[in-house]
Amino acid sequence: MRNTIKRFLPNHESVHSNRWLRPFANSLLHPRLWHVNRHSAAGAIALGLFCGLIPGPFQALAAAAGCVVFRVNLPLAVLTTLYSNPLTIVPLYVLAYGVGSRVMGMSTNGFVQPPDMGELQFAQWLGALADWMVGLGKPLALGLIVLAAVFSLVGYIGVKAAWRVWLIRAWHGRRARRSSGP
């Protein structure tokens with residue numbers, strides 16, 4: 001399984017020769033950031049799934065920083081953040097808003113419309129709009145944290161379980177080959 005994963009990841013030398021990454025070479029070239037085993041792969045997947053719900057282009061940066069802190073596989077964590085992309089981000093955020101609303105005990109009857117300007121002066125309308133955004137933001141922020149934690153936990157356990165199943169099958173295969181003899 002390790003060789004299969006390694007085929008798709010960049011190697012040590014490509015990072016060392018990249019002129020944009022050269023200032024961070026001491027941190028990014030630590031051997032544990034590039035080693036693939038069940039512990040580093042599970043940690044990297046969990047970190048990538050957690051960081052994948054961070055808004056905007058900060059997903060990969062947060063995953064890379066987390067890899068340096070937790071010493072898990074860097075390329076695998078950054079690659080895992082790509083599950084949230086322009087096609088999936090809206091459904092993920094709607095799901096996060098629903099989860100946050102439920103956790104907070106709020107009604108999930110639907111999306112609350114922004115305030116109508118109507119008779120309000122511009123400054124009053126801006127205040128009402130800010131209140132609306134704060135009201136929408138709390139369930140969304142809480143939902144993103146809860147959803148990221150759930151995704152991370154499921155990813156960690158899933159990788160550990162899949163790696164164990166693969167390992168047990170490899171052991172049984174070796175045992176069968178040894179017992180059948182040449």
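In helix H7, six names stand out as buried: Leu-92, Tyr-93, Ala-96, Tyr-97, Gly-100 and Ser-101. Buried means under 20% relative accessible area, exposed means over 50%, and partly exposed lies in between, with a 1.4 Å probe and protein chains only. Helices are DSSP runs of H or I with at least four residues, strands are runs of E with at least two, and both are numbered from the N terminus.

This is a predicted model, in which local features need pLDDT of at least 70, side-chain atom pairs count only at pLDDT 80 or more, and totals for chains, interfaces and linings use all residues. Residues are numbered from 1 along each chain as its sequence is written, and side-chain values use heavy atoms, with hydrogens and water left out.

How far apart are the end C-alpha atoms of H7? They are 22 Å apart. That agrees with the expected span, because 16 residues (89-104) at 1.5 Å a residue should cover 22 Å. The expected span is 1.5 Å times one less than the number of residues. Just after H7, Gly-105 takes a positive phi of about 80°.

The protein has 8 helices and 0 strands. Buried residues make up 30% of its 182 residues.

The largest nonpolar core has 19 residues, and Cys-67 and Leu-74 touch the most other members. H4 gives the largest share of this core, 7 residues. Helices H4 (38-51), H5 (58-70), H6 (74-80) and H8 each give two or more. A nonpolar core is a set of buried Ala, Val, Leu, Ile, Met, Phe, Trp, Tyr and Cys residues joined through side-chain atoms within 4.5 Å.

Pro-55 sits in the loop between H4 and H5. Is Pro-55 buried or partly exposed? Pro-55 is partly exposed, because its relative accessible area is 48%. Pro-55 and Ser-84 are 29 residues apart in sequence, and their C-alpha atoms are 9.4 Å apart in space.

An unreviewed UniProt entry annotates residues 41-70, 82-100 and 140-159 as "transmembrane region". Such annotations may be inferred rather than shown by experiment; positions follow the numbering used here, and feature names are shortened. Two of these spans are set out below.

| Span | Helix | Strand | End C-alpha atoms apart |
|---|---|---|---|
| Residues 41-70 | 80% | 0% | 12 Å |
| Residues 82-100 | 63% | 0% | 23 Å |

Helix H8 covers residues 122-180 and includes Ile-157.
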